[in-house]
Amino acid sequence: MERATGLHSQPRENTSSGWINGLIGVVIFSGSLPATRVAVLEFDPVFLTVARATIAGALALCLLWLFKEQRPARNQWLPLLIVALGVVVGFPLLTALALQYVTSAHSIVFVGLLPLATAAFGVLRGGERPRPVFWVFSILGSLLVCGYALARGMTASPAGDILMLLAILACGLGYAEGAKLSRTLGGWQVICWALVLSLPVMAILTGLLTPASFSGISTPAWLSLGYVSLFSMLIGFVFWYRGLAQGGIAAVGQLQLLQPFFGLALAATVLHEPVSLGMLGVTLAVIVCVAGARKFAR
C-alpha cells in the first residue's frame with residue numbers, strides 16, 4: 001500500500017484507475033443499507049454505530065502499526081476530524097436511525113442525492129470546477145430522487161426521510177474532505193486515521209452501551225454487523241477515497257448514482273423487500289444521468 005501521488009502525475013492512467021477503484025467502492029457500499037436494516041432489527045442503532053466504528057477502528061490501528069505509517073501533519077488533523085464526523089459517526093448513525101422508520105429499499109433511493117452533495121462539497125472543499133453542463137445532469141438526477149419521494153407524499157415516514165437527507169449531507173462532506181486529503185495522505189491512510197481518531201470515544205461508548213446479553217441476536221444480525229464494520233467502514237473507503245483522489249471528486253462521485261441500483265437488487269433478493277416499478281424507474285433514470293455528468297465533469 002503506497003501513499004497517493006499527485007493528481008497530475010499520470011492524468012489518463014489515474015482517471016481510469018480512479019473510475020475502477022470508485023466502482024469497487026460503490027459495489028461494496030451498496031450492501032451497507034440492507035445490512036444496516038438487518039442489524040437494527042436486533043441491535044440498538046446507537047450501539048450499532050459505535051460498535052461498527054470501534055471494530056473498524058481497532059483494525060485500522062493494526063494496519064497503521066503494521067505498515068509503520070507516520071502520523072499525519074498538524075494541518076491534516078482537522079480535515080481528518082471532519083471525515084470522522086461525516087462518515088464514521090454522522091452517516092452510520094443517521095442511517096441507522098432512519099432505518100427504524102423506512103425500509104432499506106426506500107432509503108437507498110436517497111443515495112441518488114449523494115453525487116450532487118459530494119460534487120458540491122468537492123467545489124467548496126476540493127477546489128474542483130466542473131463544467132456547467134455537469135451540474136445539469138447532476139441536479140437532474142437529484143431532482144428525480146426528490147420527485148419520487150414527494151410523489152409518494154412522504155408517506156413512508158417524514159422522520160425517516162429527514163434523517164436520510166441529513167445523512168447524505170454528512171456523507172457528502174466526509175467524502176469530499178477525505179478525497180482532498182487522500183491526495184497527500186493516501187486513500188487507505190485517510191480512513192484509517194479517521195477511524196483511529198474516533199476510536200477512544202467510540203470504544204468508551206461501546207462499553208457503556210453494550211447490552212447485558214446478546215442471547216437473542218441472530219446469525220444474520222451478527223453477519224450484518226460484521227459487514228458494516230469491515231466492508232462499509234474500512235475496505236470500501238480504501239477503494240473509494242483512492243478513486244475520488246485519482247479521478248476527481250465530482251466526476252468519480254457520480255458513480256454513486258449506480259449505488260441505488262445495486263442496493264435495490266440486494267434489498268429485493270436478500271431481504272425480500274418489495275421494490276415497486278416506480279422505484280426501479282426512478283433508479284434507472286437517475287443512472288442514465290451518470291453518463292452525461294461524467295462526460296462534462298472536467
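Among contacts in the chain between residues at least 6 apart in sequence, what percentage join residues at least 24 apart? The figure is 91%, and it's a handy thing to keep in mind as you click around this predicted model.

**Stop 1: the whole chain**

Select everything and show it as a cartoon. You'll find 13 helices and zero strands, so to speak an unbroken run of α from one end of the pattern to the other. Turn the C-alpha trace along its principal axes and it spans about 55 × 50 × 25 Å. The radius of gyration is 18 Å, which agrees with the value near 19 Å that a compact globule of 298 residues would have.

**Stop 2: the surface**

Now switch on a surface. The accessible area of the chain comes to about 12900 Å², and carbon and sulfur atoms account for 71% of that. As for what sits underneath, 54% of the 298 residues count as buried.

Next, colour the charged side chains. There are 17 positive and 9 negative ones. Mark the centre of each set and you'll have two points 10 Å apart.

**Stop 3: the annotated stretches**

Select residues 18-141 and then residues 160-288. The unreviewed UniProt entry lists both under "domain: EamA". Stay with residues 160-288 for a moment: this stretch is 82% helix and 0% strand. Put a distance on the C-alpha atoms at its two ends and you should read 27 Å.

**Stop 4: helix 2**

Go to residues 32-40, which make up helix 2. Is this helix mostly covered or mostly uncovered? Mostly covered: nine of its nine residues are buried. Show the side chains and click through them. Among the buried residues are Pro34, Thr36 and Arg37, along with Leu33, Val38 and Val40. Ser32, Ala35 and Ala39 are buried as well.

**Stop 5: Ala51**

Move on to helix 3, residues 45-66, and pick out Ala51. Why does Ala51 count as buried? Its relative accessible area is 5%, and the cut-off for buried is under 20%.

Which residues does Ala51 touch, leaving aside its neighbours within four places in sequence? Select Thr206 and Leu225: Ala51 is in contact with both. Those two partners also fall inside the 160-288 stretch listed by UniProt, so they're easy to find if you still have Stop 3 selected.

For a last distance, add Gly174 to the selection. Ala51 and Gly174 are 123 residues apart in sequence, and their C-alpha atoms are 20 Å apart in space.

Terms used: Residues are numbered from 1 along each chain as its sequence is written. This is a predicted model: local features need pLDDT of at least 70, side-chain atom pairs count only at pLDDT 80 or more; totals for chains, interfaces and linings use all residues. Side-chain values use heavy atoms; hydrogens and water are left out. UniProt positions are given in the numbering used here, feature names are shortened, and annotations may be inferred rather than shown by experiment. Helices (H or I, at least four residues) and strands (E, at least two) are DSSP runs, numbered from the N terminus. The radius of gyration is taken over C-alpha atoms; the globule rule is 2.2 Å times the number of residues to the power 0.38. Buried means under 20% relative accessible area, exposed over 50%, partly exposed in between (1.4 Å probe, protein chains only). Contact means heavy atoms within 4.5 Å. Accessible areas come from the Shrake-Rupley method with a 1.4 Å probe; for residues, only the protein chains shown count as cover. Lys and Arg count as positive and Asp and Glu as negative; His and the chain ends are not counted. The place of a charge is taken as NZ of Lys, CZ of Arg, CG of Asp or CD of Glu.
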